[in-house]
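Please walk through this protein with the sequence and the coordinates side by side. The explanation below begins with the ligand and then moves along the helices and loops.

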Amino acid sequence: MYMNTSNWKLAQEKSKILRSEILKWVYKHMRDFPWRRTNDPYVVLVTEKLLQQTDYGHVKKVWYKFFEKFPTVNALAQAKEEEIAEILRPLGLWRQRAKQLNAIAGTLVAKFGGQIPCSYKELLSLPGVGDYIARATLVFACEIPTYLIDVNTKKIVQRFIFYPTQVTEKEVAKVLEIATPKSPRECKLFNWGMIDFSALVCTKKPKCDICPLRENCAYYSYTIIG
Ligand code: SF4
């Protein structure tokens, strides 16, 4: 466990720096994806499911076709698994994905009248929906601010605040809870910013030379400055 009182105070301060720098950065560098132009809960939920462990570019290839064919929860619930799978073929694991999406839509129709519930607990009750997808749906569709924890946010927090100490997911979540803005709009921007910052700057081999966080970054001071 990393967090004693003084470490926690430092982590809190750095969480606030993270928030303000990511919000500044995202205004200039945010990537444009079609699913970022909608807050339709059905589209957001299904897109998050499609994006699970999948490259954004691959999802973009099937995205328009998918929602043209299945524009509503009911259309997806009534579709045959093979029809869904056929569209998802370029993504890999298409049969498994089709089965899960069909099951999600079926449950939404049976238990929620075809609506997407804006409740963490109810979203989690859907088949194949875990913590990340539930929270992403709350943020991007329901305008309910919350942090998102995944490989991207964990990597940034780990490097920026704690490096070289390895911290637990619970500790990362505590930091993200502070860093994540409380206003729905800024929360959306911050979470998109974290995703894009991880993809463009704090990459596998981090581009610290162009990073606005480097002055305060634990990884940078430990590995680059020494
Ligand atoms: S300075 Fe480097 S390691 Fe630190 S947040 Fe920026 S890109 Fe990531």
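In the classes used here, Ala, Val, Leu, Ile, Met, Phe, Trp, Tyr, Cys and Pro count as nonpolar, Asp, Glu, Lys and Arg as charged, and the others, Gly among them, as polar. The model is a predicted one, and under that scheme the shell around its ligand holds 9 nonpolar residues, 2 charged residues and no polar ones. The residues that make up this surrounding are Arg159, Val201, Cys202, Pro206, Cys208, Cys211, Leu213, Arg214, Cys217, Tyr219 and Tyr220. The ligand takes up the space that is the largest cavity.

From the ligand we can turn to the annotated part of the chain. An unreviewed UniProt entry lists residues 50–200 as "domain: HhH-GPD". Over this stretch the model is 69% helix and 0% strand, and the C-alpha atoms at its two ends lie 21 Å apart.

Helix H8, which spans residues 131–140, is a good place to look at packing, since it is mostly covered, with 8 of its 10 residues buried. Those buried residues are Ile133, Ala134, Arg135, Ala136, Thr137, Leu138, Val139 and Phe140. They pack against three other helices, namely H2 (41–51), H7 (120–124) and H11 (184–200).

A single residue shows such packing in finer detail. Leu76 is placed in helix H4, residues 73–78, and because its relative accessible area is 1%, it counts as buried. If its neighbours within four places in sequence are left aside, Leu76 is in contact with Tyr42, Val46, Phe66, Phe70, Ile84, Leu101, Asn102 and Ala105. One of these partners, Asn102, is 26 residues away from Leu76 in sequence, yet their C-alpha atoms are 6.2 Å apart in space.

Ala173, in helix H10 (residues 169–179), offers a second case. Its relative accessible area is 11%, and Ala173 is therefore classed as buried, the cut-off for that class being under 20%. Not counting residues up to four places away in sequence, Ala173 touches Tyr147 and Ile149. The C-alpha atom of Leu148, a residue 25 positions from Ala173 along the chain, is separated from that of Ala173 by 8.3 Å.

The loops carry some backbone features that deserve a separate look. Between helix H9 (151–162) and H10 runs the loop that contains Pro164, and the peptide bond joining Tyr163 to Pro164 is cis, with omega about 5°.

Where else does the backbone call for attention, and which residue other than glycine has a phi near 50°? Gln53 is that residue, and its phi value is positive. Gln53 belongs to the loop between H2 and helix H3 (56–69), and it counts as exposed because its relative accessibility is 82%. Leu93 likewise is not a glycine and has a positive phi, of about 45°. Its place is in the loop between helix H5 (81–88) and helix H6 (94–112), and at 55% relative accessibility Leu93 is counted as exposed, the cut-off for that class being over 50%.

How values were computed:
Residues numbered from 1 in each chain as written. Predicted model: local features only at pLDDT ≥ 70, side-chain atom pairs only at ≥ 80, totals over all residues. Heavy atoms only, no water. Buried < 20%, exposed > 50% of the residue type's maximum accessible area, 1.4 Å probe, protein only. Helix = DSSP H or I, 4+ residues; strand = E, 2+ residues; numbered from the N terminus. Contact = heavy atoms within 4.5 Å. Near = heavy atom within 4 Å. 1 Å grid on protein atoms, 1.4 Å probe; cavity = no way out; pocket = protein on both sides within 12 Å on 5 of 7 lines; lining within 4 Å. Sits in = over half its atoms within 2 Å of the grid points. UniProt positions renumbered as here; feature names shortened; annotations may be inferred.
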